[in-house]
Amino acid sequence: MAAAGITQPPQPPKLQKLLERDPYLAPFEKDFQRRYSLFYNRLKNIEENEGGLDKFTKSYKTFGVNQFVDGGIYCKEWAPGAEAVFLTGDFNGWNPFSHPYKKMEYGKWELFIPPGQDGYPPVPHGSKLKVVIRAQNGELLYRISPWARYVVRDEDKVNYDWVHWNPPLSYIRKHPSPKRLKSLRIYESHVGIASPEGKVASYKNFTYNVLPRVKDLGYNCVQLMAIMEHAYYASFGYQVTSFFAASSRYGTPDDLKEMIDVAHSMGITVLLDVVHSHASKNSEDGLNKFDGTDSCFFHSGPRGNHQLWDSRLFDYANWEVLRFLLSNLRMWIEEYRFDGFRFDGVTSMLYHHHGIGTGFSGDYNEYFGLHVDEDALCYLMLANHMINFLHPECITIAEDVSGMPALCRPVAEGGGGFDYRLAMAIPDKWIQIIKELKDEDWNMGNIVHTLTNRRYQEKYIAYAESHDQALVGDKTLAFRLMDAEMYTNMSVLSPLTPVIDRGIQLHKMIRLITHALGGESYLNFMGNEFGHPEWLDFPRKGNNESYHYARRQFNLTEDHLLRYRFLNAFDRDMNKLEERFGWLASPPAYVSEKHESNKVIAFERAGLIFIFNFHPIKSFWILMLQNMEGIKGWTTVQSTSLKNILTIIDLIHLWCTFQAEWLLCFTMWISKNEVLYKYL
């Protein structure tokens with residue numbers, strides 16, 4: 001019992017539920033209590049000092065440059081290290097001192113510019129602006145507002161310019177957002193490379209050429225990379241310079257709004273790949289040294305720099321940093337209608353060592369202690385709480401390689417509050433197998449373990465290969481399986497060589513078993529569904545600024561003389577089958593067979609029986625039928641003519657043998673009074 005007058009720290013209201021589910025977490029109960037207490041107290045401080053979480057996270061409507069209904073302009077910045085702040089631009093002939101900000105408390109500055117006599121705004125739409133900072137040493141710094149909504153770069157310039165975006169007629173959405181999905185099939189996409197042409201593709205191109213393709217393939221979610229503005233195109237969007245600006249290299253903010261609206265009309269959920277783990281070191285057109293100091297939004301000194309990414313690291317304990325990041329999330333949801341986020345670099349956020357030179361064995365001591373950045377974890381809890389509270393239909397995904405326990409459990413349990421986490425071990429495992437092992441040495445138990453090794457009641461997103469594998473210097477699954485023969489033997493007019501045959505069949509089998517066994521959601525990076533040849537390389541000095549490899553050759557799937565269309569059709573059928581039976585939303589699979597010498601894996605999920613034969617030279621039809629004894633649905637099979645079943649299997653076997661002696665995958669799906677077989 002607590003002593004009189006001593007206030008007990010707040011406790012996660014459902015922590016015991018978490019500890020009962022995983023008793024190995026019991027020794028770390030105090031860690032969960034401390035984390036939750038930090039979250040609770042920060043949330044309480046926001047409620048008491050900012051008028052509530054709702055108002056606090058609407059700061060994107062007051063910070064930066066915003067126009068009032070009467071045409072007046074209100075400007076607000078946080079620059080604690082500045083001696084003075086001014087606004088300059090086209091509107092005042094670039095006079096650096098004519099429009100000074102008024103200093104407020106806590107390092108904030110504000111400026112109000114009344115409307116003109118004719119009622120027109122003093123800062124017209126499309127005009128260029130700069131914030132002028134007088135640093136502590138007297139130097140004048142011309143900066144882009146951290147809250148800028150639109151920045152552009154002229155072809156003859158290195159740095160971006162801030163353009164005031166306030167069109168008289170902005171895009172008005174026409175379609176409601178889709179309902180929250182039970183089975184999430186994600187098409188990870190990059191707008192700029194989403195065209196066979198060697199150029200930066202546009203939002204318009206994605207809207208009218210890519211979204212119909214995504215829909216046809218059976219994906220119900222698009223995850224967009226490289227939307228937050230980034231000065232360096234080849235960074236894949238992970239060196240963000242303007243957090244509130246949609247990248248102008250693809251088009252205007254209204255073009256992006258239209259793209260998301262059209263996706264919603266197709267029933268497609270749209271997620272943003274959000275980068276809150278670090279920021280670009282750019283100062284002329286980024287956040288770095290905004291007020292002339294090395295801190296402001298970041299930790300000062302070595303702690304504020306990521307040694308591998310060469311970028312700045314946020315100070316998640318700072319009040320104004322929380323305002324900035326939480327408002328950023330809310331802006332993307334409410335202004336653009338994004339349906340959620342994939343948080344990049346969560347492992348780097350969670351630990352002071354940022355995962356650098358650290359292996360994670362699964363020992364629970366790796367997830368608790370002084371090496372955990374609990375300020376960053378608290379921010380993630382606040383972010384998920386805010387999203388769930390204000391927009392419960394939205395989805396959040398964590399990219400965490402460490403396996404932090406409870407990251408995808410509710411905040412009320414002491415968890416991180418995410419809905420999904422990426423199953424990052426799966427693509428690594430497939431690459432390791434293909435690179436290091438002969439076909440006859442594949443370990444079925446190890447494959448099954450990797451595909452099923454996930455935290456109980458935490459949802460995982462399975463994927464066979466990552467977007468990083470597509471980059472120059474690495475190889476996609478298809479390229480590793482078929483390599484140089486993709487240039488010469490993918491035509492149906494050429495003989496089906498053993499390399500191409502093996503590559504195509506393994507490409508299908510790996511994707512299907514990952515889809516069906518690996519998680520509660522499935523993700524594919526654009527182009528990988530049909531085994532996109534070659535690599536991805538953005539224009540840079542090293543390749544003479546070429547766009548030749550910064551594209552996706554969707555046209556290959558439309559050529560009936562090329563075998564890419566078979567992989568594309570398989571991917572479509574795989575997604576459509578999941579749409580019909582919903583195995584991603586079903587409980588984890590029951591694995592009934594992982595036979596090492598026969599190289600067979602069999603499991604049941606969502607009332608379907610999946611059988612995979614990875615043996616390089618043998619098929620085991622009778623054995624497979626015998627092993628189905630006792631599996632759910634076998635009674636239905638027995639009630640059907642066994643002769644007919646064997647005839648069907650024999651036909652499949654003969655056709656497959658004609659195609660390839662040693663690689664076969666088929667599924668059987670069973671419903672009441674129905675037995676269907678399909679060769680995949």
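**Reading the evidence in a predicted model**

Q: How many disulfides does the count come to in this predicted model?
A: The count comes to 0 disulfides. C221 shows how that works out: the nearest cysteine sulfur belongs to C394 and is 11 Å away. A disulfide needs two cysteine sulfur atoms within 2.5 Å, so C221 is in no disulfide. Seen from the other side, C394 has the sulfur of C221 as its nearest cysteine sulfur, 11 Å away, and is in no disulfide either. As background, a disulfide is a covalent bond between the sulfur atoms of two cysteines.

Q: Why is C221 called buried?
A: Its relative accessible area is 0%, and buried means under 20%, so C221 falls in that class. C394 gets the label too, because its relative accessibility is 3%.

Q: What makes the 8 strands a barrel?
A: They close up in the order β10-β11-β14-β17-β18-β19-β20-β21, with parallel pairing. Neighbouring strands of this sheet are turned by 25° against each other on average, ignoring direction. In general, strands of a sheet pair through backbone hydrogen bonds, either parallel or antiparallel.

Q: How do you know that β17 and β18 pair?
A: Count the bridges: there are 4 between β17 and β18, in the parallel sense. Pairing takes at least two bridges, so these strands qualify. You can find G340 opposite I395 of β18. On the other side of β17, strand β14 (residues 269-274) pairs with β17 (residues 340-343) in the parallel sense over 3 bridges, and V274 has F343 as its bridge partner.

Q: What about β18 and β19: how many bridges do they share?
A: They share 2 bridges in the parallel sense. With a cut-off of at least two, that count is enough, so they pair. Here I397 stands opposite Y420 of β19.

Q: Which way do the residues of β18 point?
A: I395 and I397 point one way, while T396 and A398 point the other way, and all are buried.

Q: Where does helix α8 lie?
A: Helix α8 (residues 374-390) lies across β17 and β18, running at about 165° to β17. At its start, a side-chain oxygen of D373 reaches to within 3.2 Å of the backbone nitrogen of D375. The cut-off for a polar contact is 3.5 Å, so this pair of atoms meets the distance limit.

Q: What makes α8 mostly covered?
A: Of its 17 residues, 12 are buried, among them L377, C378, Y379 and I387. Its cover includes α2, α3, α6, β17, α7 and β18.

Q: How does the reach of α8 compare with the span expected at 1.5 Å a residue?
A: α8 reaches 24 Å from its first C-alpha to its last, close to the expected 24 Å. Helix α12 (residues 498-517) has 20 residues and reaches 28 Å, close to the 28 Å expected for it. α12 is mostly covered as well, with 18 of its 20 residues buried.

Q: What is worth noticing about the phi of A406?
A: Most residues other than glycine have a negative phi. A406 has a positive phi of about 70° although it is not a glycine. A406 sits in the loop between β18 and β19, and its relative accessibility is 2%. With the cut-off at under 20%, A406 is therefore buried.

Q: Why does E534 count as buried?
A: Its relative accessible area is 14%, which is under 20%, so the label applies. E534, found in the loop between β21 and α13, has a positive phi of about 65° although it is not a glycine.

How values were computed: Residues numbered from 1 in each chain as written. Predicted model: local features only at pLDDT ≥ 70, side-chain atom pairs only at ≥ 80, totals over all residues. Heavy atoms only, no water. Axes fitted to C-alpha atoms, helices over the stretch in contact; angles between N-to-C directions. Contact = heavy atoms within 4.5 Å. Buried < 20%, exposed > 50% of the residue type's maximum accessible area, 1.4 Å probe, protein only. Expected span 1.5 Å × (residues − 1). Polar contact = N/O pair within 3.5 Å; in protein donor to acceptor, adjacent residues only side chain to side chain.
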